[in-house]
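Hello,

Here is the structure I promised to pass on to you. My notes follow below, for you to read with the model open.

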Amino acid sequence: MAYKFSKGDRGLGDIKFEDDSDTGLDFDQDKIELQTGGTTRLSVENNEITTTVPIHISGSVTEGLRIGKAGSHYREI
């Protein structure tokens with residue numbers, strides 16, 4: 001599947017992978033869900049991101065994960 005972003009409004013609805021109906025992106029009002037195997041694995045809302053599986057973060061030369069609120073108020077793992 002190929003998709004290129006648009007600078008205008010688009011009414012696409014949900015996106016399903018054509019060979020696997022259990023995999024897709026669901027768009028609700030102020031919420032996007034990534035689903036695999038028919039189950040929501042990642043949910044992004046206005047002020048919250050939730051996942052139902054462990055998060056694997058892999059870095060290269062720099063830190064793998066940076067947590068902070070702004071400016072120099074952050075910690076690296």
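**Around Glu33**

Leaving aside residues up to four places away in sequence, Glu33 touches Gly24, Leu25, Asp26, Thr40, Leu42 and Ser43, where contact means heavy atoms within 4.5 Å. Before going further, please note that this is a predicted model, in which local features need pLDDT of at least 70, side-chain atom pairs count only at pLDDT 80 or more, and totals for chains, interfaces and linings use all residues. Residues are numbered from 1 along each chain as its sequence is written, and side-chain values use heavy atoms, with hydrogens and water left out.

Glu33 sits in strand β3; helices (H or I, at least four residues) and strands (E, at least two) are DSSP runs, numbered from the N terminus. With a relative accessible area of 13%, Glu33 is buried. The classes used here are buried for under 20% relative accessible area, exposed for over 50%, and partly exposed in between (1.4 Å probe, protein chains only).

The side chain of Glu33 has a polar contact with the side chain of Thr40, at 3.3 Å, and another with the side chain of Lys31, at 3.2 Å. A polar contact is a pair of N or O atoms within 3.5 Å; within protein, one must be able to donate a hydrogen and the other to accept it, and residues adjacent in sequence count only if both atoms are side-chain atoms.

Glu33 and Lys31 also form a salt bridge, with 3.2 Å between the closest N and O atoms. The term stands for a side-chain nitrogen of Lys or Arg within 4 Å of a carboxyl oxygen of Asp or Glu. The structure holds one salt bridge. Lys31 counts as partly exposed, at 25% relative accessibility.

**The strands and their hairpins**

The chain has seven strands and zero helices, so its pattern along the sequence reads β-β-β-β-β-β-β.

β2 (20-28) and β3 (31-36) run antiparallel and are joined by five bridges; two strands pair if DSSP finds at least two bridges between them. Within this pairing, Asp28 stands opposite Lys31, and Gly24 has Gln35 as its bridge partner.

On the other side of the pairing list, β3 and β4 (39-45) are antiparallel too, with six bridges joining them. Leu34 has Leu42 in β4 as its bridge partner.

Both pairs form hairpins. In the one made by β2 and β3, two residues lie between the strands, and Asp30 in the turn has a positive phi of about 60°. This caught my eye, as Asp30 is not a glycine. Most residues other than glycine have a negative phi. Asp30 is partly exposed, with a relative accessible area of 47%. The hairpin of β3 and β4 also has two residues between its strands, and there Gly37 takes a positive phi near 60°.

**A nonpolar patch**

Which residues make the nonpolar surface patch? They are Leu25, Phe27, Ile32, Leu34, Leu42, Val44 and Ile49, and the patch covers about 540 Å². Patches are made of residues with over 30% relative accessible area and no salt bridge: like charges are joined within 9 Å, and nonpolar side chains (Val, Leu, Ile, Met, Phe, Trp, Tyr) within 5 Å. β2, β3 and β4 each supply at least two residues of this patch.

Two of its members are worth a look. Val44 lies in strand β4 and counts as partly exposed, at 34% relative accessibility. Phe27 belongs to strand β2 and is partly exposed as well, at 37% relative accessibility. From Phe27 to Ile15 the C-alpha distance is 8.3 Å, and the two are twelve residues apart in sequence.

**The chain as a whole**

How much of the chain is buried? Buried residues make up 8% of its 77 residues. The accessible surface comes to about 6800 Å², and carbon and sulfur atoms account for 51% of that. These areas come from the Shrake-Rupley method with a 1.4 Å probe; for residues, only the protein chains shown count as cover. Among the contacts in the chain with a separation of 6 or more, 0% are between residues 24 or more positions apart.

If you open the model at one place, I would suggest Glu33, with its salt bridge to Lys31 and its polar contact to Thr40.

Best wishes
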